[in-house]
Amino acid sequence: MNKMIVLCKHAVETLTYFSMQLADAFAAWGYEIFWMDFDMLGLSAWKLRQAVQEKEAVLLTFNFIGLSAEEQLWDFSDTGEPMLSLWEQLDMQCLNIMVDHPIYYYQALQYPVANLRTFCIDRDHVSYMKRFYPAIFCEFLPLAGNDLPKEGVCETVAVPDEAAFEQWMQRPDTLVLTANYVPVSNIDTQLAAMEPEYRDFYYEIIQAFLKNPKQNLLSCIETYLRREIPNLSDSQLCEAMSTMPAVDLWIRTYFREKTVRILAEGGIKVHLYGKDWEKISCARPENLMLSGRMVSSADCVQAMAQTKIALNTMPWFKDGAHDRIFTAMLQGAAALTDDSIYLREQLQHMDAVVYYDLQHLEQLPDLVRKLLDDPGQLFELSCRGQTIARDSHTWKHRAQQLAKYL
């Protein structure tokens, strides 16, 4: 095969991990893999020019890494404006997966490179792209579950027998969350620097999300923006939306913090793999088991392989999924998460996953106790989840969808 996939590493650890699993899938199908190393970007660019000759090469990246006017990858005008990218010079197709809402990539989307195809991990995000960027190809591509390198891959439990159950019961942790902690107060500090009129407007939107967490970002924020400026054009609305990441970060951070606090104060021990959780205000800190450091993606996979329940709090994805859910399922842990439209289509409550309601978090400790009181049922749920994830939600499955565009 004379085809090459160009992937990026050492830019963002999590995205490098995703890319490595995609690389494994494509390499197994005969594609040549080339790594753009962001620790040595200039050298990587030079090597790519040599390697790509007489080959069909495609860039596969996340979050516009390599497509954001990086100095070593672009030619610039005399005024410093980016003019032509390495990918355009080599006439390469570029596939970009956005793992956050498109509002985070406003600048990159204003001046996209030629031959760009984008993918969003939430169908609401796809609708946003089709409305505001109709000229840019966009398709839904949900996140997938992470595995360890091949030698550490968890085997599917086809028949949940007594021996497998006893082994599962030996898992040392009861409930795990793999995520870093960012205090809401950090975002409050950023908002406090705004003019009072704008700050109050942001908090009014935040309160609307707290009252109704089912809303997606655009539907709620657009309502408030049009209340202030009724004749707002779509281009103006799109620009205004690009100023709203602080709202997204505030609400996702608030619910993550509240979920952990309610569990701990309700008597549930929560093992937290991520940094800065010692900063959380909690009336019963003895129920918080802290790693005390930033953990790698591989560490997160290993943590889920040693727990019975893996907790997820969704970023504001109301029609998509987070990789924590599918990773937990792949590792034989019962996934406990708030829901989305897409998740409800894929996974039945108390069959392969357990859903909780952001509007009724006070019920969460009792829900966890009920799950732990019947370990046999919880184990069978985790086995069903593992089988579904192995059959439909690995990065190999996502690679199969991407392969149509290679």
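**Entry 1: R293**

I count a residue as buried under 20% relative accessible area, as exposed over 50%, and as partly exposed in between. The model I am looking at is predicted. I looked up R293 and found a relative accessibility of 44%, so R293 counts as partly exposed. I placed R293 in the loop between β11 (288-290) and α12. Next I asked which residues R293 is in contact with, leaving aside its neighbours within four places in sequence. I noted G274, K275 and D299. I also looked at R293 and D276, which are 17 residues apart in sequence. In space I found R293 and D276 to be 7.2 Å apart, C-alpha to C-alpha.

**Entry 2: T253**

I turned to T253, which sits in helix α11. Is T253 buried or exposed? I read 12% relative accessibility for T253, so T253 counts as buried. With residues up to four places away in sequence not counted, I found that T253 touches V182, P183, V184 and I187.

**Entry 3: two helices and their buried sides**

I took helix α6 (residues 162-169) and listed its buried residues as A164, F165 and W168. Seen down the axis of α6, these buried residues fall within an arc of 100°, so I wrote that they line one face of the helix. On the face of α6 turned away from the buried side I found the exposed residues E162, A163 and Q167. I then checked what covers the buried residues of α6, and the cover includes β12 (307-312) and α16 (375-392).

I did the same for helix α10 (residues 234-241), where I listed L237, C238, A240 and M241 as buried. They cover an arc of only 165° around the axis, which puts them on the same side of α10. The cover over the buried residues of α10 includes α4 (106-110), α5 (123-132), α9 (217-228) and α11.

**Entry 4: nonpolar cores**

I looked up the largest nonpolar core and found 142 residues in it. Which of its residues touch the most other members? I wrote down M36, L48 and W87. Helix α11 (residues 245-265) gives the most to this core, with nine residues. I followed W87 further, not counting residues up to four places away in sequence. I found that W87 touches V6, M36, L48, L59, G66, L67, L73, M92 and C94. Apart from the largest core I noted another core of five residues, among them V176, Y273, V295 and A303.

**Entry 5: the largest pocket**

I found about 1,000 Å³ of space in the largest pocket. Its lining has 38 residues, and I noted T14, N180, R256, H322 and R324 as those that lie nearest its centre. I asked which elements supply at least two residues each to this lining. They are α1, α7 (184-192), α11, α12 (297-304) and α13 (323-330). I saw that α11 gives the most to the lining of the largest pocket, with five residues. By class, I divided the lining of the largest pocket into 18 nonpolar, 12 polar and eight charged residues.

**Entry 6: closed cavities**

How many cavities of 30 Å³ or more are there? I counted two.

I read a volume of about 50 Å³ for the largest cavity. I listed its lining as C8, K9, A11, V12, L15, T16, S19, L60, T61, F62 and I65. The elements that give two or more residues to this lining are β1 (3-9), α1 (13-28) and β3 (56-62). I sorted the lining of the largest cavity into seven nonpolar, three polar and one charged residue.

For the second largest cavity I read a volume of about 30 Å³. I found K3, M4, I5, Y31, E56, V58 and L406 in its lining. β1 and β3 each supply at least two residues of this lining. I noted that the largest share of the lining of the second largest cavity, three residues, comes from β1. By class, I wrote down five nonpolar, no polar and two charged residues for the lining of the second largest cavity.

Definitions and conventions. Residues numbered from 1 in each chain as written. Predicted model: local features only at pLDDT ≥ 70, side-chain atom pairs only at ≥ 80, totals over all residues. Heavy atoms only, no water. 1 Å grid on protein atoms, 1.4 Å probe; cavity = no way out; pocket = protein on both sides within 12 Å on 5 of 7 lines; lining within 4 Å. Points joined across faces, edges and corners; volume = space filled by probe spheres on them. Helix = DSSP H or I, 4+ residues; strand = E, 2+ residues; numbered from the N terminus. Nonpolar A, V, L, I, M, F, W, Y, C, P; charged D, E, K, R; others polar. Buried < 20%, exposed > 50% of the residue type's maximum accessible area, 1.4 Å probe, protein only. Arc of directions from axis to C-beta. Contact = heavy atoms within 4.5 Å. Core = buried A, V, L, I, M, F, W, Y, C linked by side-chain atoms within 4.5 Å.
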